[in-house]
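Please open the model in a viewer and keep the sequence panel visible beside it. The tour proceeds by selections, each followed by a description of what is found there.

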Amino acid sequence: MKIAAVMVMSLLLLTTDLIAEESKGENITPDIVGKTYLFDYGEYAYDITITSDKSLHWKLVKGSFEGPSTGDNPYLSSKIADNVLFISWKEESGYQFYNVMDLNTGKLTTHANADGMSVNMGKVSLKK
């Protein structure tokens with residue numbers, strides 16, 4: 001029984017490594033440098049400007065929200081599909097944001113992690 005468990009675990013680990021390795025090869029960095037996106041959550045909205053291939057600037061442009069109203073942070077991004085992008089960053093305040101931007105439909109899904117997890121649904125649009 002122990003041998004079977006070890007074999008299953010080995011197979012799972014090997015499969016996970018292969019999937020992870022394949023994923024690294026399929027990650028395509030989207031062409032977003034120099035672009036500004038509006039993340040609109042209804043009562044509040046942010047301009048997200050991609051300033052380089054490693055950093056972004058965000059600014060609260062509508063409403064109010066706890067914490068700072070502007071910042072510069074490193075980010076990670078990848079292309080999920082045509083005009084569907086994933087972008088994430090961690091702010092100095094400790095907030096972490098994980099965003100799926102569907103530029104085909106304008107749908108924005110943001111998961112945030114500070115003192116706990118939350119999900120914010122909004123709209124995304126390319127400003128410039």
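**The interior cavity**

The model is predicted, and the tour begins with its internal space. The count of cavities of 30 Å³ or more comes to one. The largest cavity has a volume of about 40 Å³. To display its wall, select Ile32, Tyr37, Phe39, Ile48, Ile50, Leu85, Ile87 and Met101. Three elements give two or more residues each to this lining: β1 (36–40), β2 (45–50) and β5 (84–90). Which classes of residue make up the lining of the largest cavity? Eight of the residues are nonpolar, with no polar and no charged residues.

**From the cavity wall to an aromatic pair**

Keep Phe39 selected, since this residue of the lining also takes part in a ring pair with Trp89. The whole structure contains seven aromatic pairs. In the pair of Phe39 and Trp89, the ring centres are 6.4 Å apart and the planes meet at 45°, so the pair is classed as tilted. This pair links distant parts of the chain, for Phe39 belongs to strand β1 and Trp89 to strand β5, 50 residues apart. Are these two rings buried or exposed? Phe39 has a relative accessible area of 2% and is buried; Trp89, at 8%, also counts as buried.

Next, select Tyr46 and Trp58, an aromatic pair with an edge-to-face arrangement, 6.0 Å from centre to centre and with 70° between the planes. Tyr46 lies in strand β2 and Trp58 in strand β3 (residues 55–62), so the pair ties together parts that are twelve residues apart in sequence. Tyr46 counts as buried at 12% relative accessibility, and Trp58 counts as buried at 4%. Add Tyr41, Tyr44 and Phe65 to the selection: ring pairs link these residues with Tyr46 and Trp58 into a cluster.

**Along the antiparallel strands**

Return to Trp89 and show the backbone of β5 together with strand β6 (residues 96–102); the two strands pair in the antiparallel sense over seven bridges. Trp89 stands opposite Phe97 in β6. The hairpin of β5 and β6 has five residues between the strands, and Gly94 there takes a positive phi near 105°.

Proceed from β6 to strand β7 (residues 107–113), which pairs with β6 in the antiparallel sense over seven bridges. Here Val100 stands opposite Thr109 in β7. Four residues separate β6 and β7 in their hairpin, and Gly106 in the turn has a positive phi of about 85°.

**A positive phi outside glycine**

Select Asn83, in the loop between β4 (70–81) and β5. What is the phi of this residue, which is other than glycine? The phi of Asn83 is near 60°, a positive value. Asn83 is partly exposed, with a relative accessible area of 44%.

**An exposed methionine**

The final selection is Met117, found in strand β8 (residues 117–126). Why does Met117 count as exposed? Its relative accessible area is 57%, and exposed means over 50%. With neighbours within four places in sequence left aside, Met117 is in contact with His111 and Ala112. For a last distance in the viewer, choose the C-alpha atoms of Met117 and Gln96: they are separated by 9.5 Å, and the two residues are 21 residues apart along the chain.

Methods:
Residues are numbered from 1 along each chain as its sequence is written. This is a predicted model: local features need pLDDT of at least 70, side-chain atom pairs count only at pLDDT 80 or more; totals for chains, interfaces and linings use all residues. Side-chain values use heavy atoms; hydrogens and water are left out. On a 1 Å grid over the protein atoms alone, a cavity is a set of points where a 1.4 Å probe fits but cannot get out, and a pocket is an open set with protein on both sides within 12 Å along at least five of seven lines; lining residues have an atom within 4 Å of a point. Grid points are joined across faces, edges and corners, and a volume is the space filled by probe spheres set on the points. Ala, Val, Leu, Ile, Met, Phe, Trp, Tyr, Cys and Pro count as nonpolar, Asp, Glu, Lys and Arg as charged, and the others, Gly among them, as polar. Two strands pair if DSSP finds at least two bridges between them. Buried means under 20% relative accessible area, exposed over 50%, partly exposed in between (1.4 Å probe, protein chains only). Contact means heavy atoms within 4.5 Å. Rings of Phe, Tyr and Trp (its six-membered ring) pair if their centres lie within 6.5 Å; planes under 30 degrees apart count as stacked, over 60 as edge-to-face and the rest as tilted.
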